[in-house]
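Here is a short report for someone meeting this structure for the first time. Please look over the sequence and the model before reading on.

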Amino acid sequence: DKQIVREHRTMLGRVVLAGIGSMQAMTYAAVLYLNVLDSSEQLYKELFRYSSLLIATPVVFYSGLPFFQGAWRGLKQKTLNMDLPIAIALFLAWAGSIVNMALGGEHVYFESAAMFVFFLLISRWIEQHQRHRIQREWQRLQDALPQVIRKVVDDDYRWIGTQQIRIGDPLLITQGEVIPVDAVILTGTAQVSEA
């Protein structure tokens, strides 16, 4: 349970950083895209480009780390997954913008890489939240089920762990007990209600 909380906090931190960083990088990019600075203000254009680089780099490489890790795991296992094209796109957008800056080009795409990370992380966070909710519900169900049950053996019974139940095993269930598996009533009558 502590691991789930830690995973949730880490992912939420990545999402918040990506959201704030992408908005800030987009602010700098808007100044460049709207062309509000004239040619005499080249120093400010460069300042906005470097500021975008400074803001987008932790977004791409810290917030986007789950995509790079997933891509690396897939490559180590010699399988292709969705994280590989995402990681390649993020790296190319970031590195291509640096190359373009170094060559004196006008356009950089740091804000695009940051926004890409932000939107993908939101979907990854929602997926993680649902997965954790299902794990909690499954654990609650497991905790509600009995750990032992009576198995009928030669007109008598013996206690066995619920993990030892096999298909076709006759079980003895008395009034008020929780039935730990799908079952069919062989003898007697019962009214079974769902939990």
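A nonpolar core is a set of buried Ala, Val, Leu, Ile, Met, Phe, Trp, Tyr and Cys residues joined through side-chain atoms within 4.5 Å. Keep in mind that this is a predicted model.

**The core**

The largest nonpolar core has 23 residues. Ala18, Leu90, Trp94, Phe110, Val117 and Leu121 are the ones with the most contacts inside it. Helix 1, helix 2, helix 4 and helix 5 each supply at least two residues of this core. Helix 5 gives the largest share, six residues.

Take Leu121 as a close-up. Neighbours within four places in sequence are left aside here. Leu121 is then in contact with Met11, Arg14, Val15, Ala18, Ser63, Pro66 and Phe67. Ala18 is also among the core residues with the most contacts.

**Confidence**

The mean pLDDT of the chain is 87. Of its residues, 98% reach 70 or more. Among the elements of the chain, helix 3 has the highest mean pLDDT, 95. Strand 3 has the lowest, 82.

**Helix 1 and helix 3**

Two helices can be checked for length. The table sets the expected span beside the distance between the end C-alpha atoms.

| Helix | Residues in helix | Expected span | End C-alpha distance |
|---|---|---|---|
| Helix 1 | 32 residues | 46 Å | 45 Å |
| Helix 3 | 12 residues | 16 Å | 16 Å |

For helix 1, the distance agrees with the span expected at 1.5 Å a residue. For helix 3, the distance agrees too.

Which residues of helix 3 are buried? They are Pro66, Phe67, Gly70, Ala71 and Gly74. These residues cover an arc of only 135° around the axis, which puts them on the same side of helix 3. The face turned away from that buried side carries the exposed residues Trp72 and Lys76. What covers the buried residues of helix 3 includes helix 1 (2-33), helix 2 (42-63), helix 4 (83-102) and helix 5 (110-144). Just after helix 3, Lys78 takes a positive phi of about 55°.

Helix 1 has a longer list of buried residues, among them Ile4, Met11, Arg14, Val15, Ala18 and Gly19. The list also includes Gly21, Ser22, Ala25, Tyr28, Ala29 and Leu32. What do the buried residues of helix 1 pack against? Their partners are helix 2, helix 3 and helix 5. Asn35 follows helix 1, and its phi is positive, near 55°.

**Two single residues**

His132 is found in helix 5. Is His132 buried or exposed? Its relative accessibility is 3%, so His132 counts as buried, the cut-off being under 20%. Leaving aside neighbours within four places in sequence, His132 is in contact with Ile4, Glu7 and His8. Of these, Ile4 is one of the buried residues of helix 1.

Leu54 lies in helix 2. Leu54 has 67% relative accessibility, so it counts as exposed, the cut-off being over 50%. How far apart are Leu54 and Ile185? They are 131 residues apart in sequence. In space, they are 68 Å apart, C-alpha to C-alpha.

**The sheet**

The chain also has an open sheet of three strands. Their order is 2-1-3, and the pairing is antiparallel. Strand 2 (156-161) and strand 3 (171-172) stand at the edges. Each has a single partner strand, so one side of each is left without a neighbour in the sheet.

Strand 1 (residues 148-153) is joined to strand 3 by two bridges. Six bridges join strand 1 to strand 2. Strand 1 and strand 2 form a hairpin with two residues between them. In the turn, Asp154 has a positive phi of about 50°.

Where does Arg150 stand? In strand 2, it is opposite Trp159. In strand 3, Arg150 stands opposite Leu172. Val148 stands opposite Gly161 in strand 2. Lys151 has Leu171 as its bridge partner in strand 3. In a regular strand, side chains alternate between the two faces of the sheet.

Conventions
Residues are numbered from 1 along each chain as its sequence is written. This is a predicted model: local features need pLDDT of at least 70, side-chain atom pairs count only at pLDDT 80 or more; totals for chains, interfaces and linings use all residues. Side-chain values use heavy atoms; hydrogens and water are left out. Helices (H or I, at least four residues) and strands (E, at least two) are DSSP runs, numbered from the N terminus. The expected span of a helix is 1.5 Å times one less than its number of residues. Buried means under 20% relative accessible area, exposed over 50%, partly exposed in between (1.4 Å probe, protein chains only). The arc is that of the directions from the helix axis to the C-beta atoms. Contact means heavy atoms within 4.5 Å. Two strands pair if DSSP finds at least two bridges between them. pLDDT is the predictor's confidence in each residue, from 0 to 100.
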